[in-house]
Structures are given as structure tokens and as C-alpha cells.
Amino acid sequence: RHIVSGSSDNTIKVWNLDTGKEERSLKGHTGSVCAVAMTPDGKHIVSGSDDNTVKVWNLDTGKEERSLKGHTLYVCAVAVTPDGKHIVSGSDDNTVKVWNLDTGKEERSLKGHT
């Protein structure tokens, strides 16, 4: 059982929920990590950052599996769909993007916020 947190030090921390101890620090973003989420199966972490990217991490290894680029301003929200197949990201560029978790491909960009 884990929880994850993002920070202005550009890292993601993985914490053991039972012991309260830090298990891992994930590095790869070049800006503050503003949003984090875990996949329903607990195998991946998704993060959004001031560096305008969404990253997918393997929870077991701590390695970055992909970096999703498409937002033009910082990513302030991330979520994973209940079926674990898609990532949803919200950005200060006024878009919401839907990404395929397995391929990293942007499938939809929703515009309408101002």
C-alpha cells in the first residue's frame, strides 16, 4: 500500500502507507510536480508538472516509462480513468487532454475553458 506526493523540488515521493516511510524518490521533471495519481492496478504513477509534461512511472522500478508532451503551459491536474486505460490531464493552457496510457498517444484535446 502506497501513497504518492509531488513537490516544488521537482520530485515525486513514494511512501509506504503502513510504515509512513519514504520508499523512493522519482526524478525526471524539470519543474514543480503539481499533480500525481496512481493507476487503479497500482502499477504506475502519473505526474503533471510546471515543465508542461505528463510523465508515466513504473511504481516497482521507479523508472520513467514515458513523457507525454502536448500542453503549452503547466499541467495542474492528472487523473486515470477507472478502467486504467486513459490519462486525463488539465493545464493552464485551458485544455484537457486524454492520453492512451499504453501508447502515450494523445487521443483528444478538449478546449473551452478561458
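**Exercise 1. Work out in which order the strands of the open sheet lie, and which ones are at its edges.**

Solution. Start with the order: four strands make up this open sheet, arranged E8-E9-E10-E11, and their pairing is antiparallel. Next, look for strands that pair on one side only; these are strand E8 (75-80) and strand E11 (106-111), the edge strands. From one strand to the next, the twist averages 20°. Keep in mind as you explore that this is a predicted model.

**Exercise 2. Find how many bridges join E10 to E11, and which residue stands opposite Trp99.**

Solution. Begin with strand E10, residues 95-100. Five bridges join E10 to E11, and the two run antiparallel. Now go to Trp99: its partner across the way is Glu106 in E11.

**Exercise 3. List the members of the largest nonpolar core and find which element gives the most to it.**

Solution. First collect the twelve residues: Ala35, Ala37, Val46, Val54, Val56, Leu68, Val75, Val78, Val80, Ile87, Trp99 and Leu101. Then see where they come from: the elements giving two or more residues are strand E4 (33-38), E6 and E8. E8 gives the most, with three residues. To see one member's surroundings, take Val54: leaving out residues up to four places away in sequence, Val54 touches Val46, Ser47, Arg66, Ser67, Leu68, Val75, Val78, Ile87, Ser89 and Trp99. Apart from the largest core lies another, of eight residues, among them Leu26, Val33, Trp57 and Leu59.

**Exercise 4. Decide whether Thr53 is buried or exposed, and find its polar partner.**

Solution. Locate Thr53 in strand E6 (residues 53-58). Its relative accessibility is 8%; buried means under 20%, so Thr53 counts as buried. Now turn to the side chain, which makes a polar contact with the side chain of His29 at 3.4 Å. His29 also appears among the contacts of Thr53 beyond four places in sequence, together with Ser47, Gly48, Ser67, Leu68, Lys69 and Val75.

**Exercise 5. Find out how many disulfides the structure holds, and check Cys34 and Cys76.**

Solution. The count is zero. Take Cys34: its nearest cysteine sulfur belongs to Cys76, 7.3 Å away. A disulfide needs two cysteine sulfur atoms within 2.5 Å, so Cys34 is in no disulfide. Cys76 is in no disulfide either, with the sulfur of Cys34 as its nearest. Finally, check the exposure: Cys34 has a relative accessible area of 37% and is partly exposed, while Cys76, at 40%, also counts as partly exposed.

Methods. Residues numbered from 1 in each chain as written. Predicted model: local features only at pLDDT ≥ 70, side-chain atom pairs only at ≥ 80, totals over all residues. Heavy atoms only, no water. Buried < 20%, exposed > 50% of the residue type's maximum accessible area, 1.4 Å probe, protein only. Polar contact = N/O pair within 3.5 Å; in protein donor to acceptor, adjacent residues only side chain to side chain. Contact = heavy atoms within 4.5 Å. Pairing = 2+ DSSP bridges. Axes fitted to C-alpha atoms, helices over the stretch in contact; angles between N-to-C directions. Core = buried A, V, L, I, M, F, W, Y, C linked by side-chain atoms within 4.5 Å.
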